[in-house]
2 protein chains.
Amino acid sequence: MREKYQELLAKLHEVDDIQMAVSVLNWDQTTYMPPGGAEARGRQIATLGRLSQEKFIDPAIGRLLDQLQPWGETLPVDSDEAAMLRVTRRDYDQATRVPPAFLGEFYGHIAQSYQVWAEARPANDFSKVRPLLEKTLDYSRRLAEFFAPYDHIIDPLIDMADYGMKAATVSALFSELRRELVPIVQAITSQPAADDSCLHMNYPEKEQEAFGIDVVRALGYDFERGRLDKTHHPFTTRFAAGDVRITTRYDEHNFGDAFFSTVHEAGHAMYEQGIRVAYDGTPLGSGTSAGVHESQSRTWENIVGRSREFWTHYYPLLKARFPAQLENISLDAFYRAINKVEKSLVRVDADEATYNLHVMLRFDFEIALLEGKLAVKDLPEAWNERFRQDFGILPPNDRLGCLQDVHWYGGSIGGAFQGYTLGNIISALFYDQALKAHPEIPAEIEQGKFDLLHGWLVENIYQYGRKYTAAELIERVSGSPLRIEPYIQYLKRKYSDLYAL
Amino acid sequence: MREKYQELLAKLHEVDDIQMAVSVLNWDQTTYMPPGGAEARGRQIATLGRLSQEKFIDPAIGRLLDQLQPWGETLPVDSDEAAMLRVTRRDYDQATRVPPAFLGEFYGHIAQSYQVWAEARPANDFSKVRPLLEKTLDYSRRLAEFFAPYDHIIDPLIDMADYGMKAATVSALFSELRRELVPIVQAITSQPAADDSCLHMNYPEKEQEAFGIDVVRALGYDFERGRLDKTHHPFTTRFAAGDVRITTRYDEHNFGDAFFSTVHEAGHAMYEQGIRVAYDGTPLGSGTSAGVHESQSRTWENIVGRSREFWTHYYPLLKARFPAQLENISLDAFYRAINKVEKSLVRVDADEATYNLHVMLRFDFEIALLEGKLAVKDLPEAWNERFRQDFGILPPNDRLGCLQDVHWYGGSIGGAFQGYTLGNIISALFYDQALKAHPEIPAEIEQGKFDLLHGWLVENIYQYGRKYTAAELIERVSGSPLRIEPYIQYLKRKYSDLYAL
């Protein structure tokens with residue numbers, strides 16, 4: 001059986017090698033590829049994507065999994081081998097349920113939809129993408145149908161990103177969270193807004209870059225096994241345990257944009273860098289769910305990167321680098337600026353308090369669209385109305401409304417958004433446990449040191465990759481299922497220091 | 001038949017997509033990959049290399065070629081389709097003659113040999129690589145045997161780089177060339193050497209880079225379809241017709257190093273950029289032979305880049321960029337400096353007059369090693385003795401002797417070197433024809449314009465890719481087989497202007 005297991009691993013490594021090559025092609029496309037390379041690059045990525053899919057759904061892998069199953073059941077459930085068989089089986093079943101012909105068609109449609117959206121958004125023209133979005137909704141439903149029976153049609157789509165979560169559990173969590181959030185947001189936004197003009201002075205790119213690199217290196221992002229480049233949209237990509245890259249973008253009139261993006265991506269990347277090297281090239285060798293992944297980007301971006309402790313150490317260093325820009329700005333004023341709360345139009349620019357309301361709105365629309373209770377043609381109006389209800393402002397156009405996010409235009413409708421809010425909830429839950437284990441973490445952060453926190457995360461979360469599901473990790477770490485309390489406590493603690501709640 | 005032809009093309013495109021991905025992985029490895037990525041990258045490249053080989057030697061391609069052959073014979077011999085079938089058949093026969101198991105073993109050996117050489121060269125320790133080089137010689141012989149019968153054992157190895165060339169033709173050309181070269185070198189080196197100290201002032205990297213980019217853009221290298229990066233060893237790589245990249249390296253105390261390397265690589269790249277876009281992703285979509293490829297790098301580096309006409313325009317611009325470094329250095333003095341001739345130890349640093357003597361020495365050793373007339377263990381001594389005969393100087397060590405070039409340590413023995421000298425010969429032959437068509441080329445170059453020359457090369461050479469063999473191209477362009485006269489005339493004209501010959 002050992003031999004068959006090795007045979008399976010060899011096949012999985014081959015699939016992974018091809019997928020990683022696709023990731024390199026994508027990374028190059030967004031970083032350094034000259035314009036003339038685009039057309040051929042699209043072909044190359046499509047060919048390799050198809051190849052890796054073909055190699056993975058190879059019936060030989062199914063046979064090996066069948067043959068290994070009885071052996072796997074004799075192994076300790078906690079062993080790497082048992083986890084490898086479990087997770088590979090889950091991926092294999094998922095991949096083989098969807099006919100390759102459907103996937104080919106769907107990907108083709110998505111590529112076209114993305115192109116049209118990329119033009120329709122700046123032109124503020126929903127009517128251009130509407131027919132494509134209608135097809136996307138149809139494809140999304142058909143995709144879900146391959147996994148019937150289900151409790152709710154969105155469940156299979158959620159499963160692909162946040163395994164084990166369902167419409168029912170997400171909705172319950174979200175409405176509980178909403179009840180707590182709305183009064184907090186209401187209380188804060190009825191007080192005078194923070195002054196964040198100090199973030200909008202001229203911050204030269206080179207200096208921003210140097211500061212960002214200093215910080216993420218100190219947090220624990222390993223540049224021997226990664227690098228930072230510039231792209232239009234920041235992202236993290238893994239080519240191997242030893243090569244996890246991040247990207248960012250710079251706005252010379254917005255210090256926070258690049259800085260918090262860089263720290264956010266470094267959070268994703270530290271997760272990937274922390275996975276056991278032995279899992280490299282296998283289904284265990286990546287983050288376990290969208291929610292847990294986002295929890296790590298948000299831990300480092302928000303819980304650490306927007307904390308008073310962090311800036312107690314770093315603000316003097318920032319001020320030394322940008323003395324003119326931050327002259328007469330106290331640590332307190334700077335801290336208020338980076339934690340400004342406001343009812344704004346764009347999710348990706350939203351603060352910690354309002355962010356989840358943006359996500360819930362999208363999640364509810366995914367449900368309504370998939371259930372057929374909302375027609376695509378009615379989306380812009382429904383969006384604006386719901387936005388007015390939730391935020392008290394009416395989006396002036398669709399560009400700042402239902403056209404703002406790429407997700408529905410470059411992927412399926414359903415499963416794309418819940419991970420962001422799950423990530424926020426999980427980030428506080430994990431951090432809470434880390435604090436229980438090491439109450440001195442905040443004091444360490446005040447010294448510009450992050451070893452205790454980073455070490456705890458590697459030990460309890462990162463190293464396992466996909467060995468444990470999100471639910472299993474949460475249970476192992478906290479002794480109970482996902483709860484919103486630590487997150488609510490975190491937000492209340494943070495904002496009651498800044499506002500009267 | 002059209003349908004079968006399209007089916008063949010689709011299969012060839014797939015192979016090409018995988019090969020191009022390998023090229024991207026290689027490029028990234030030498031430009032931006034962090035150190036931690038090396039191990040996984042080796043695996044990824046090996047997997048994709050094997051996959052592209054498997055896909056290409058697929059019997060289905062053989063069957064399509066068989067089925068299409070009668071149709072191909074009805075097509076005009078000059079048609080693209082006929083050429084596609086001809087060249088694909090040739091590649092397919094070559095690829096299917098070598099057992100995949102042998103290739104796997106050989107590549108594994110080569111990777112190891114390269115690693116050991118990379119350490120043995122700086123340590124000046126031939127004994128470390130000797131056993132590996134003995135195995136390489138054995139592998140090279142076995143590789144050639146797969147193509148038996150042959151006139152000479154090196155012929156199949158030459159064929160892989162310079163299709164149609166044989167030991168007999170190369171040796172004849174080389175000895176003819178040698179008879180002409182030796183007296184020229186003798187005459188020049190018996191006169192006082194040129195003073196090239198002006199090239200060894202401090203030339204800041206950023207300024208060198210900017211000047212290099214200005215020049216290669218003016219020559220016709222298209223940055224919309226390419227880019228320039230830094231690597232340890234300069235090279236050109238093609239990912240598609242629209243994405244042909246070059247690399248260079250900078251030595252702040254040697255202006256010529258980066259400048260002529262950059263122009264050299266731009267020459268290779270302009271060839272690749274000039275190939276018909278319709279050939280992209282097929283066996284026709286690359287340069288036709290090592291010799292013709294090298295002819296283009298040498299045309300731009302030497303015939304143009306080391307000409308008086310070129311510097312008549314560019315020297316004032318160079319001087320404006322480096323006023324302190326070139327103060328009091330006349331165009332004439334600069335021109336003599338960049339064309340300094342000397343008997344030196346290292347091929348890659350050699351001038352136009354002595355360069356081919358370095359190549360001939362290596363070619364003769366390949367023959368002697370493959371024929372079994374020279375044992376690997378005797379190579380260092382034989383090298384030094386031959387070098388003393390040819391150059392009048394004794395290499396002080398193997399690092400500057402038989403360890404200097406990567407070729408034998410990272411590839412087969414045989415076929416690696418003749419292309420360099422063939423390239424020199426061909427460069428002058430093509431340039432001669434371009435001058436006959438457009439006698440005003442030198443005057444245009446004096447104006448910093450290169451359209452006539454570049455246009456002639458695209459029209460007569462570049463666009464065809466591998467449609468015509470080197471021999472066919474030469475015949476088409478000059479009306480006769482490869483001759484050394486234009487090259488000898490070029491060298492005599494050039495050097496009689498600088499020295500008494």
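The following paragraphs describe a sheet in chain A, the helices that pack on it, and the relation between chains A and B in a predicted model.

Chain A contains an open sheet of 3 strands, arranged in the order 1-3-2 with mixed pairing. Its edges are formed by strand 1 (228-230) and strand 2 (236-240) of chain A, each of which pairs on one side only. From one strand to the next, the twist averages 30°. In general, the strands of a sheet pair through backbone hydrogen bonds, and they may do so in parallel or antiparallel fashion. Here, strand 2 of chain A and strand 3 (residues 243-248) of chain A run antiparallel and are joined by 4 bridges. Within this pairing, A:Asp243 of strand 3 of chain A has A:Ala240 opposite.

Two helices of chain A deserve a look alongside the sheet. Helix 1 (residues 2-31) of chain A packs on the sheet and touches strand 1, strand 2 and strand 3 of chain A; the direction of helix 1 makes about 140° with that of strand 2 of chain A. Helix 10 (residues 255-274) of chain A also lies across strand 1, strand 2 and strand 3 of chain A, and runs at about 165° to strand 3 of chain A.

Turning to the pair of chains, a turn of 180° with a shift of 0.0 Å along the axis lays chain B on chain A with an RMSD of 0.0 Å. The two copies are therefore related as by a two-fold rotation axis. Among the residues of chain B, B:Ala21 comes closest to the rotation axis, with its C-alpha at 3.4 Å. The same surface serves both copies, as 100% of the contact residues of chain B recur in chain A.

Terms used:
Residues numbered from 1 in each chain as written. Chains lettered and ligands numbered in written order. Predicted model: local features only at pLDDT ≥ 70, side-chain atom pairs only at ≥ 80, totals over all residues. Heavy atoms only, no water. Pairing = 2+ DSSP bridges. Axes fitted to C-alpha atoms, helices over the stretch in contact; angles between N-to-C directions. Contact = heavy atoms within 4.5 Å. Least-squares fit on C-alpha atoms with pLDDT ≥ 70 in both.
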